[in-house]
Amino acid sequence: MFSLKTLSHRMPSVASLVLVGAIGIGVSACSEGKAEVKEVIRPVKVVEIAKAGDTRKLDYSGSVKARTEMNLGFRVAGKITERLVDIGDKVKPGDVLARMDSTDYQLAVKTAEANLAAAEKGVETADLVNKRNQQLFDKNVSPKSQLEQASLSYDQAVSSRDAAVSALDQAKNQVSYAELKADHNGIVTTINADVGQVVASGTPVVAVAVDGEKEVQIAVPENDIAEFKPGKTVKASFWADDRLVLDGKVREVSGSADQQSRTFAVRVSLPNDPRVLLGMTATIEADVSNGNSYVSIPLSALAEKDGKQMVWTVDRDTATVHGRDIKVADFTGDGVHVTEGLDTGDLVVSAGTQFMSENLKVKVPDQQSALAATDQTVR
């Protein structure tokens, strides 16, 4: 039999049970306090998708050129001895632009003059012979064959004289061609050869932009060239003056692409305006039909998940974000063109996409006050 003393050692006291219960209640209370976690609401920036427009804008940069620009060169070969104009000089018809050594051509003129003098003497001699034979034939002293031979000799001498006259005129022209002259009013834009250089006939020496209509030449890629037809009205703006905007018309479209850039040259005619100067940088803007319905989003709104391009959209009712796959058409300087996945009125997270997760509670600028009130009510 156990003694009462021994049993008293084995039985816990009432005070011990009360203490253990108190500790248990305290631990339970602490556990419940730790389990209560505050819901995270992240503020975000959003953009609302607007309705896709019926038209889109194409803009390409180019430079102002004269509609007609002539590359002038000597009509004869020789060594340039004098250049009388510089780039930017204004010229008018008849102005001498450059000269070349004409010594050989002047000698050719003297030779032609001598040949002409000899030919004229030959004509005089043949004329005397022909007349004498005519007199002898009339007196029945010489046969008719001799008269005919004298007549043919005279005709031959006349032809030789005419050839000598033409040779002299040609030699004189060669001398005049040793001076390069302007044909129209214009401005010198390029100097391709200088004093001391030996050039062949027709080699460009001076380029002159003819006064008159000005144009802008742009390079258009093949995917947009169908939008530029002759006669199409476009807008021309200029970097030098933001206030200068003119209406232009497409005048000419190249029939083939450039071999290196694979772009087509398009020339746009401009109205006469003294503020437009040759060489100015211009931007041609054209409105074209929007065959594909594009919507634009900022580049910062674009995200990627599992190798697919997507965006995070905000549910207005629950103020939560959800991932949505999209199809990107192209990238522009203003952002991204999206063809599929977004509708008009959608709210898209435009910044901080790396912090987003499915069903994350967010706070957009126009909903901050409402969310704050809700949070206080829950507490």
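A nonpolar core is a set of buried Ala, Val, Leu, Ile, Met, Phe, Trp, Tyr and Cys residues joined through side-chain atoms within 4.5 Å. Buried means under 20% relative accessible area, exposed over 50%, and partly exposed in between, with a 1.4 Å probe and protein chains only. This is a predicted model, where local features need pLDDT of at least 70 and side-chain atom pairs count only at pLDDT 80 or more, while totals for chains, interfaces and linings use all residues. Residues are numbered from 1 along each chain as its sequence is written, and side-chain values use heavy atoms, with hydrogens and water left out.

**View 1. The whole protein has 5 helices and 24 strands.** Helices (H or I, at least four residues) and strands (E, at least two) are DSSP runs, numbered from the N terminus. Of the 379 residues, 30% count as buried. The accessible surface, from the Shrake-Rupley method with a 1.4 Å probe, comes to about 24,100 Å², and carbon and sulfur atoms hold 51% of that surface. A contact means heavy atoms within 4.5 Å. Among contacts with a separation of 6 or more, 73% are made by residues 24 or more positions apart.

**View 2. The largest nonpolar core holds 25 residues.** Which of its residues touch the most other members? They are Ile-218, Phe-228, Phe-238 and Val-266. At least two core residues come from each of S3, S12, S13, strand S14 (241-253), strand S15 (263-269) and strand S16 (281-289). S16 gives the largest share, with 4 residues. Follow Val-266 for a look at its surroundings: leaving aside neighbours within four places in sequence, its contacts include Val-216, Ile-218, Val-220, Ile-225, Phe-228 and Val-250. A second, separate core has 21 residues, among them Met-70, Leu-72, Ile-80 and Val-85.

**View 3. Tyr-60 and Phe-228 form an edge-to-face pair.** Rings of Phe, Tyr and Trp (its six-membered ring) pair if their centres lie within 6.5 Å; planes under 30 degrees apart count as stacked, over 60 as edge-to-face and the rest as tilted. By this rule there is 1 aromatic pair. The ring centres of Tyr-60 and Phe-228 are 6.2 Å apart and the planes stand at 65°, so the pair is edge-to-face. Tyr-60 belongs to strand S3 (residues 55-66), while Phe-228 sits in the loop between strand S12 (214-221) and strand S13 (233-238), so the pair ties together parts 168 residues apart in sequence. Tyr-60 and Phe-228 are both buried.

**View 4. The buried residues of helix H4 pack against H3.** Helix H4 (residues 144-176) has 33 residues and reaches 49 Å from its first C-alpha to its last, close to the 48 Å expected at 1.5 Å a residue. That expected span is 1.5 Å times one less than the number of residues in the helix. Buried residues of H4 include Leu-147, Ala-150, Ala-157 and Leu-168. On the other helix, Asn-130 has its place in H3 (residues 103-138). Is Asn-130 buried or exposed? Asn-130 counts as buried, because its relative accessibility is 17%. Not counting residues up to four places away in sequence, Asn-130 touches Leu-147, Ala-150, Ser-151 and Tyr-154.

**View 5. Two open sheets each have 4 strands and antiparallel pairing.** Two strands pair if DSSP finds at least two bridges between them. One sheet runs in the order S8-S7-S5-S10. Its edge strands are strand S8 (179-181) and strand S10 (198-199), each pairing on one side only. Strand S7 (residues 96-100) meets S8 over 3 bridges in the antiparallel sense, and Arg-99 has Glu-179 as its bridge partner in S8. Another sheet has the order S4-S11-S9-S6. Strand S4 (69-72) and strand S6 (90-91) each have a single partner strand, so one side of each is left without a neighbour in the sheet. Strand S9 (residues 186-191) and strand S11 (residues 206-210) pair over 5 bridges, with Val-206 in S11 as the bridge partner of Ile-191.

**View 6. Strand S22 (residues 336-340) pairs with strand S17 (residues 295-297) and with strand S21 (residues 327-331).** S17 and S22 are antiparallel, over 3 bridges, and Val-295 has Val-338 as its bridge partner in S22. S21 and S22 are antiparallel as well, over 4 bridges, and Lys-327 stands opposite Glu-340 in S22. The hairpin of S21 and S22 has 4 residues between the strands, and Gly-335 takes a positive phi near 155° there.
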